[in-house]
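Colleague: I would like a close look at one part of this model. Please pick a single helix and walk me through its surroundings.

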Amino acid sequence: MARYSGGRRSVGAPPGTIEYSGEQRVDQIRIRFFDYDEERLEEKEVTSIEECFELRERESVSWINLDGLHDTETIQSIGNRFGLHPLLLEDVVHTTQRPKLEEYEDHMFLVLRMLRFDSERKVIHSEQLSLVLGPGFVISFQEIPGDVFEGVRARIRSGKGRIRKSGADYLTYALADAVVDSYFVLLERLGEEIEEIERELVEDADPAHLPRIHHLKRELILLRRSIWPLRELLSGLIRVENPLITDRTQLFLRDVYDHAVQVVDTVESFRDMASGLQDLFLSSVSNRMNEVMKVLTIIATIFVPLTFLAGIYGMNFEHMPETKWSWSYPVFWIVTLVAGASMLVAFRRKHWI
Amino acid sequence: MARYSGGRRSVGAPPGTIEYSGEQRVDQIRIRFFDYDEERLEEKEVTSIEECFELRERESVSWINLDGLHDTETIQSIGNRFGLHPLLLEDVVHTTQRPKLEEYEDHMFLVLRMLRFDSERKVIHSEQLSLVLGPGFVISFQEIPGDVFEGVRARIRSGKGRIRKSGADYLTYALADAVVDSYFVLLERLGEEIEEIERELVEDADPAHLPRIHHLKRELILLRRSIWPLRELLSGLIRVENPLITDRTQLFLRDVYDHAVQVVDTVESFRDMASGLQDLFLSSVSNRMNEVMKVLTIIATIFVPLTFLAGIYGMNFEHMPETKWSWSYPVFWIVTLVAGASMLVAFRRKHWI
Amino acid sequence: MARYSGGRRSVGAPPGTIEYSGEQRVDQIRIRFFDYDEERLEEKEVTSIEECFELRERESVSWINLDGLHDTETIQSIGNRFGLHPLLLEDVVHTTQRPKLEEYEDHMFLVLRMLRFDSERKVIHSEQLSLVLGPGFVISFQEIPGDVFEGVRARIRSGKGRIRKSGADYLTYALADAVVDSYFVLLERLGEEIEEIERELVEDADPAHLPRIHHLKRELILLRRSIWPLRELLSGLIRVENPLITDRTQLFLRDVYDHAVQVVDTVESFRDMASGLQDLFLSSVSNRMNEVMKVLTIIATIFVPLTFLAGIYGMNFEHMPETKWSWSYPVFWIVTLVAGASMLVAFRRKHWI
Amino acid sequence: MARYSGGRRSVGAPPGTIEYSGEQRVDQIRIRFFDYDEERLEEKEVTSIEECFELRERESVSWINLDGLHDTETIQSIGNRFGLHPLLLEDVVHTTQRPKLEEYEDHMFLVLRMLRFDSERKVIHSEQLSLVLGPGFVISFQEIPGDVFEGVRARIRSGKGRIRKSGADYLTYALADAVVDSYFVLLERLGEEIEEIERELVEDADPAHLPRIHHLKRELILLRRSIWPLRELLSGLIRVENPLITDRTQLFLRDVYDHAVQVVDTVESFRDMASGLQDLFLSSVSNRMNEVMKVLTIIATIFVPLTFLAGIYGMNFEHMPETKWSWSYPVFWIVTLVAGASMLVAFRRKHWI
Amino acid sequence: MARYSGGRRSVGAPPGTIEYSGEQRVDQIRIRFFDYDEERLEEKEVTSIEECFELRERESVSWINLDGLHDTETIQSIGNRFGLHPLLLEDVVHTTQRPKLEEYEDHMFLVLRMLRFDSERKVIHSEQLSLVLGPGFVISFQEIPGDVFEGVRARIRSGKGRIRKSGADYLTYALADAVVDSYFVLLERLGEEIEEIERELVEDADPAHLPRIHHLKRELILLRRSIWPLRELLSGLIRVENPLITDRTQLFLRDVYDHAVQVVDTVESFRDMASGLQDLFLSSVSNRMNEVMKVLTIIATIFVPLTFLAGIYGMNFEHMPETKWSWSYPVFWIVTLVAGASMLVAFRRKHWI
């Protein structure tokens, strides 16, 4: 049901109703809290969201990372604490949003999609990542624990690079960048799948390739729907004039934007290639059919007339002079062989064999 | 006739002629009247439109909901009472408009389409919903009684949420939101239909799938025509600078806009998928034909030459030495079986069996 | 020749050469003259254009309607009288223009196309309608007498509606509106043709459908070329800032524009549907071929091996022990029937029958 | 080589190198010189370009027309005399440019393509026409002598129309107009070719149609590439604000622009139609195959079982009671004829015959 | 892996990490250094980048050309010396960027792709070229030594043309121009490949053409992805307002832009043509199948009924009067020949032979 439901609340519920639309995929909500500036780093895994609020008192960057969205109370209390708009909270829990960027009075809201390729079932899994960027804090909401942010966390911990010296906007950039980077892994996998099918098709087309190509095309349609709005989102983020985003970070955002454009380009190329595979498949099938038909026709053209000839001399007319002649039988064989051989020559001339 | 007639008056009639273009689908026009502010709610079902005018004297939000459009007198008297432009009234009764937004001097006019999926006949029913938003009032015109507004009515009655505290613009938003939300239900149904066809096609393509796919594609063409302009409409509504729409409501409208974009995206994806189904069907048919042809060719290639051989020894030549030899018959059988078996081996090598 | 010639004068003729490019389709040029204001109406059919000029002296709206374009002298004298640009007159007589809007210093020039569906030959006839809107006058040029303006004339005569109270711009609107309205009739016809072909195709595809579909697609290509620029034209007319067009009329033009957009939308949908019909046709043909091949294969698979068996026992070897056994013949029949029956079972299992 | 080389100088040559990229198609460069104003006309065919410079001293319009581009010295000396940019001269001699408009400080540069349809080989020949418009002069460069300007020359000589009363900008217009007008002739020819193929296809598809359709599509691809940029060029020319182009000429340019748009539209329609022809061809082939297969299947279905029956009674079993009965043979014939007839009835019911 | 990886750093590495993403394709980094003004030229091949810095002290144009990107230290030290942004350096070493233009505070960054056609394997090789344009210097980074700049170097050495009199912006133009020019060579090769396939297909379609066409389409998809952004890049370069680029150079950039547009146009045409080839191939295959089927059907239609007839007179019924008649056998032959001949006539009438 959820696949096309577009983050919609139950029919009749007022807007701003916070009600998780996905399946409850985690047992226990999990909150990880980072608070850092250039000198200091505090990392904590808390059980109740209130603990974060206590911690969050200094002039530093706080990153609250929530895994699991079924606990609407926690989400509501975060909303109250940070003054988030009810529609924003509704979008967080309705996890089939398309990527989008929304500016509110004193915070920004980003919806991204984390994509993962299940190599076994050749299916793309899509998970919603909601990011809230406010003055000095970033809140990220995920549906299930696993994510692509281990690199970011490592950089925060190690204190290498720009991240500890920069603000919440840079952290947002780093998270978006990690998401976009992970798309390239996905594209590699898909590219390999395309090349594999292609290689097999050139060798020998098989009915089993058909559902594989169809499945690939379908996944690309869904992938495109997830990725296309991303370009728009990031281009909006570059052009936005908002004190939350510093000029220095803009430069980095331009870089993610470039990557996103490249991802979109690649998906488009993949779609073209998948269409090419379909054409290749159909042409292969036609070719094969042609080959089959040639075999049939060659056999028929050689043997049907000869069978007719044999049939004639199998007739029981009393007055058939040839049947009495002693050299009839060898002549029959000679005629047969000459006819067959000249047929073969004719077929070769027509390039049928 | 009405399917493509685009809300056109009878040829020769002057513009602004109010003449219902649909079939008269209700026996009796039905008027429901809501008048509310934060404290007070009045709900009435009236028989004559004048009753509403009497009621409508306070500083509150009035919602007049008309079911049935054949009674042109009532519609004309509403038009007179609220100062609606004749072209607006004409659009109300010509029920094949595309969604559009029009600004008049002191009111706005929205045409939306309510869509309903008839699961049995797999047909999308489309009904025109006309909304007039003026200062302190909303008038909604429907062709037949059933609608998607029960949730909105419930929220007005219960007084929960924002609706009782907000103005007529918020009510308009709520109605538009209910319409767009109902599209997701439709999309779910269509998505299920696509997946069902797909599943069946992968298993076994059947000529009966062809009209189903064609029908699906056709409904998607019509659906797209209904939904595509909606995006434009809502994007216009967001950008409009009109005192009728408050800033607070703009934020909510942005949300409906997002949903509409998602609906449009999904319809596009569905169209791609339906094309994919068509390709899958055609490829399946080709595959099957190939299989059929292989069977035929195998049979012919094995038995036609052997039949010829049998035909030879059925000839009545008097001088056929082989017929006299006592081991001819068993040799014939051996030759036959060896030839047949080696053919089978050859076919297996060619991956035909 | 004229079909694609784009309103071009003879090669080498200077621009502004007035030379009718169509066939002379009327014997006698026909001029109808309306002159009206709110109180007064004068309607005349004149034989020479000069009569109109005499009449045209008051503060009223004049509508000169010309049928037949071969009489270049008359057209030239109109041009001189109203100060029309030579290129405008050239466009009037070259009757394969695409719809366009041109602003001259003190008049506007519109080219529209009147389309008519010849139900018998299923062909769309296209006629050029040129409109000149100047202060207090409208001149309309048609190739042949019949038109879609009877409704407008009736409204002028009856004095009902706005038309007698409004200026020349409203008359222009009324004429454009009548033209666009007539497209809906055309679309109805085409829609019915599409539905008829579809219904027949689903029942039973026939080679005769092929040229019908092809013809339909071709007419849609030509129709689209006539209608597509109309949208642009009308959108230009809405945005134009010209004292010739009053604000009040703008509102009405917006209405025609909406209709034109709907026409364009519908033509696009029809094109999609016609492509769908082509696909449906091709798939049906493939399906049928499949069916035919199955019949052939079933027949061959059952009888070819059995014929071979019969052939064996028709051989004239002297030493064939089976031929002497008295139960050989009934056994042969039993084997034959069992083999045939099991084949049929196998085919049913494969869903071939 | 030159077909796709895009007006490129030899690799390594500096930009502005003047080196003719086409084949030397004329033996001798040919220079025609016109110098006129309202009163006076001087027409000359000169052998050296210096003669033109001498003549060019008055307040009049000069038109220098060069046929043949291999004489780089002459071109260089023109460039020096009129102060043309080296890149401009490079573009003149590299004759595979796409149509474009370039503004230089005191002159404008237009590249157009003259197209000619070789009716015999059904090939479109394309020749580059470079126009330089400066104050009081127009220089036109052609590759080979024949052109479409005889009408313009005749109008200059006769002094009829506007041309002698207008400036160099009007002459430029007249030349561009002549080029665009010549496209309509080309389109007529292509339209006839399309209609001819179509008519033949509807009657009877033939493998020989395939390369014809393919060739047509290919020429349309190339044609489109030549014509598409023209629209942009002319739209640029209309919007340009340059003292070289007077307001009065703008009006005429708008007219050529309209024609160019019509040409582009028609080429697009032709592409759609050519695709339609391809579809029609493929469908016809499928239809024919279907017919062929039906014949085969009907023959096989009727005769294969009967042959089997005949085969049975040709067997040499000693104990076949039927062979002794005196009415066996007529019964066999009756069975045969009844079976065959009922088969034919069944086929007719299936609409196979 | 690298094919679709889009210049991405290792997962988890901070942005600005300089880590070469390609294979290490050169053993030794190679640095060529040009420093010139109108009078003076210094050309050097240095082993360490520091040597360049020493040289670079005058008011002249310096061109540092690096072949090989695996030596990150050298690249880092260039970055430090010229104040290049870390993200820029990251882009230099991640060699699967799409063409792009980036403005930094005091330098500009261009990514171009050098394409080379491997005629043997019919594969397009793509190499990233990164250009940094700063005040008085150009730095170019290549992956492997061979390039398309020999012409530029020759012009610098010879001192002919504009190059020695112009600044670093003109050098940048010259390099970009050389790259775009080299694309035309590539397009020639592809054009020849297309024409060759086409010529062969028209003569005789072969299954071996299928992978060739598919391969061609695939290369065109990839080529398009490399070339499409180039247009945007150059159009950006023309519009950029940056003191680094003088007005005089803008004129030249406009010229490269024109060429780039032509390249893009040609690639699009090639894509259309490649689709045409696919259609041609499929239609040829269908045609051939049709031909094969006709042969089969003709043979079967003639001989199957006759064989049945022969079978009848091979039956062993005792009471078959015809077998006793003396003229039966010649009559059988006459019937056979007449039937066969009339079949052939019928087939010729149906244009089957």
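Modeller: Here is a look at one helix of chain D, followed by a word on how two of the chains are related. Keep in mind that this is a predicted model.

The helix is α9 of chain D, residues 328–349. It has 22 residues. From first C-alpha to last it reaches 31 Å, close to the 32 Å expected at 1.5 Å a residue.

Now the side chains. Buried in α9(D) are D:Ser328, D:Tyr329, D:Phe332, D:Thr336, D:Gly340 and D:Phe347. Seen down the helix axis, the buried residues of α9(D) fall within an arc of 105°, so they line one face of the helix. That face has partners in two chains. Within chain D, the buried residues pack against α7 (247–312) and α8 (321–324). They also pack against α7 (247–312) and α8 (321–324) of chain E.

Turn to the other side of α9(D). There D:Ile334, D:Leu337, D:Val338, D:Arg348 and D:Arg349 are exposed. Just after the helix, D:His351 takes a positive phi of about 60°.

Next, the chain arrangement, taking chains B and C. A rotation of 72°, with 0.1 Å of shift along its axis, superposes chain C on chain B. The RMSD is 0.1 Å. That is the relation of a five-fold axis. In chain C, the residue that comes closest to the rotation axis is C:Gly314, with its C-alpha at 4.5 Å. Only 12% of the interface residues of chain C are also interface residues in chain B, so the copies meet through different surfaces.

Technical notes:
Residues are numbered from 1 along each chain as its sequence is written. Chains are lettered from A and ligands numbered from 1 in the order in which they are written. This is a predicted model: local features need pLDDT of at least 70, side-chain atom pairs count only at pLDDT 80 or more; totals for chains, interfaces and linings use all residues. Side-chain values use heavy atoms; hydrogens and water are left out. Copies are superposed by least squares on the C-alpha atoms of residues with pLDDT of at least 70 in both. Contact means heavy atoms within 4.5 Å. Helices (H or I, at least four residues) and strands (E, at least two) are DSSP runs, numbered from the N terminus. The expected span of a helix is 1.5 Å times one less than its number of residues. Buried means under 20% relative accessible area, exposed over 50%, partly exposed in between (1.4 Å probe, protein chains only). The arc is that of the directions from the helix axis to the C-beta atoms.
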